[in-house]
Amino acid sequence: MAITRTQAEILANRYNDRRISNKIEMEQRIQKVYGLIPEIADLDREISSLAVRATKKALSGDSSFKDRLKEDIAVISERKKVLLLANGFSVDYLDEIFTCPDCRDTGYIDGKPCHCLKDEIVKLLYSRSELQEILARENFDTFDYDLYSENDIDQTTGISAAENIETVVDHCHYFINYFDKSFENLLFYGRAGTGKTFLINCIAKELIEKSYSVIYLSAVQFFDLLADYSFHRGNRSVYSQISMEEFLTCDLLIIDDLGTEMTNSFTDSVLFDCLNERLIHQKSTIVSTNLSLQELQERYEERIFSRTAGNYTLLKIFGDDIRIKKNYSL
C-alpha cells in the first residue's frame, strides 16, 4: 500500500479531523445529558473523585484501592445506564464515539492498516487519478469480447483478433494479480480504436482498488508536466499538484497515446530519463501507442526503443475500430 508523503499527510489529517469531530460530538452529548439529568453529572464527578483517591493511594504504595475502584465504577456505570434509559437515551449514548470502532479511529489494528484506512486510500487514489467516472464505465465487467472478430487474422502470426484479445486480457489479469510479486512493464500497441485505452483503464481500476498509487496521463499531459518541472513555467498544468518524486515513484505510471506529442530533443531526453529512472527503482510503467514497433523505432532515439522493447511486455491489439463498430450498432 505504497502512498506518497503528501498522501500520507492528507490521510493523517482526515483521521485527526475525524477524532476531533467525534470528540466535539461527545462533549455536546455530555452537556445535553447533564442538563437533562443532573444526577449523571454527580455520578461522573463521583467517578473522578474515586479515581483521584485511587491514584493517591497507589502513589503511597497502597494498591488495594485499585480493585475496589473498578467495582465502584462498574456499579456507578450501571446506575448511569438506568438513568439514560429512563430518560429516553440509549445505554451507550455517553460511550466514546468512533467512526470506525475496529481501529478506534487510528487507522491501524495491531500495526496493520485497518479496512477503513484501505477504503480511505482507495478514495484518495481515485480522486487523485481523476479516473473515477471513466473507470465506472470502462472496466473488466463491461469489456466486450464480441467486438473482436474471429475472421480478422493477423498476417504475421495467423491469430485472429478474437484469440489475440483473450490472450492480452489474460495477461492483464496476470499483471494485476502478481503486481506486488513480480516487476513488469507493459507496452500496448496497435492502430487507433482497437481498445488499448479501455484495457489500460481496466488495469488502473483494479490496482487503484487494491490501494496502489496510479498516475494516469496522456502523452501530451506527460510531456507538458515534465516541461513545467524542467523550465519552472508560470502556466502550470492542471497536473502540477503531482510532485516529481511522486511521478517517479508511484506504483504505476500510465502514459497513454505515446506518439501524439510533438517530438524533439527535449521530449526524447525526458522520456528516456523517466523510463530509465522507473526501471532502476523497479516501478511499473504502462505505455500505449498507435504506432507500430517499426514506427516507434524510427520516431524515438535508439536508447528509448531499446528500453521499451527490451524491458516491456509487448501486447499488440488489432481488429476493427471499436468506436466505429459501436456507432454502427446503435
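## Thr285, cavities and cysteines in a predicted model

Thr285 sits in strand β6, which spans residues 284–289. Everything here refers to a predicted model. Is Thr285 buried or exposed? With a relative accessibility of 0%, Thr285 counts as buried. Its side chain still has a polar partner: a polar contact of 2.9 Å links the side chains of Thr285 and Arg278. Leaving aside residues up to four places away in sequence, Thr285 touches Glu184, Asn185, Leu186, Leu252, Leu253, Leu275, Arg278 and Tyr312. Arg278 therefore appears both as a polar contact partner and in this list of contacts, taking a contact to be heavy atoms within 4.5 Å.

Next, the enclosed space. How many cavities of 30 Å³ or more does a search of the whole structure find? There are three, and the largest of them has a volume of about 80 Å³. Its lining is made up of Leu187, Leu258, Leu271, Leu275, Val287, Leu296, Tyr300, Ile304, Phe305 and Thr308. Two elements, α10 (265–280) and α12 (302–311), each give two or more residues to this lining, and α12 gives the most, with three. Leu275 is one of the residues lining the largest cavity and is also among the contacts of Thr285.

There is open space to look at as well. The second largest pocket holds about 190 Å³. Around it lie Ile30, Asp44, Ser77, Lys80, Lys81, Leu84, Val91, Leu94 and Asp95. Helix α3, residues 64–86, is the main contributor to this lining, with four residues.

Here are the two linings by residue class:

| Site | Volume | Nonpolar residues | Polar residues | Charged residues |
|---|---|---|---|---|
| Largest cavity | about 80 Å³ | nine | one | none |
| Second largest pocket | about 190 Å³ | four | one | four |

Finally, the cysteines. How many disulfides does the model contain? The count is zero. Why does Cys100 form no disulfide with Cys114? The sulfur of Cys114 is the closest cysteine sulfur to that of Cys100, but at 3.7 Å it is too far for a bond, because a disulfide requires sulfur atoms within 2.5 Å. Likewise, the sulfur of Cys116 has its closest cysteine sulfur in Cys103, at 3.6 Å, again too far for a bond. Cys100 is buried, with a relative accessible area of 5%, and Cys116 also counts as buried, at 10% relative accessibility.

Methods: Residues are numbered from 1 along each chain as its sequence is written. This is a predicted model: local features need pLDDT of at least 70, side-chain atom pairs count only at pLDDT 80 or more; totals for chains, interfaces and linings use all residues. Side-chain values use heavy atoms; hydrogens and water are left out. On a 1 Å grid over the protein atoms alone, a cavity is a set of points where a 1.4 Å probe fits but cannot get out, and a pocket is an open set with protein on both sides within 12 Å along at least five of seven lines; lining residues have an atom within 4 Å of a point. Grid points are joined across faces, edges and corners, and a volume is the space filled by probe spheres set on the points. Ala, Val, Leu, Ile, Met, Phe, Trp, Tyr, Cys and Pro count as nonpolar, Asp, Glu, Lys and Arg as charged, and the others, Gly among them, as polar. Buried means under 20% relative accessible area, exposed over 50%, partly exposed in between (1.4 Å probe, protein chains only). A polar contact is a pair of N or O atoms within 3.5 Å; within protein, one must be able to donate a hydrogen and the other to accept it, and residues adjacent in sequence count only if both atoms are side-chain atoms.
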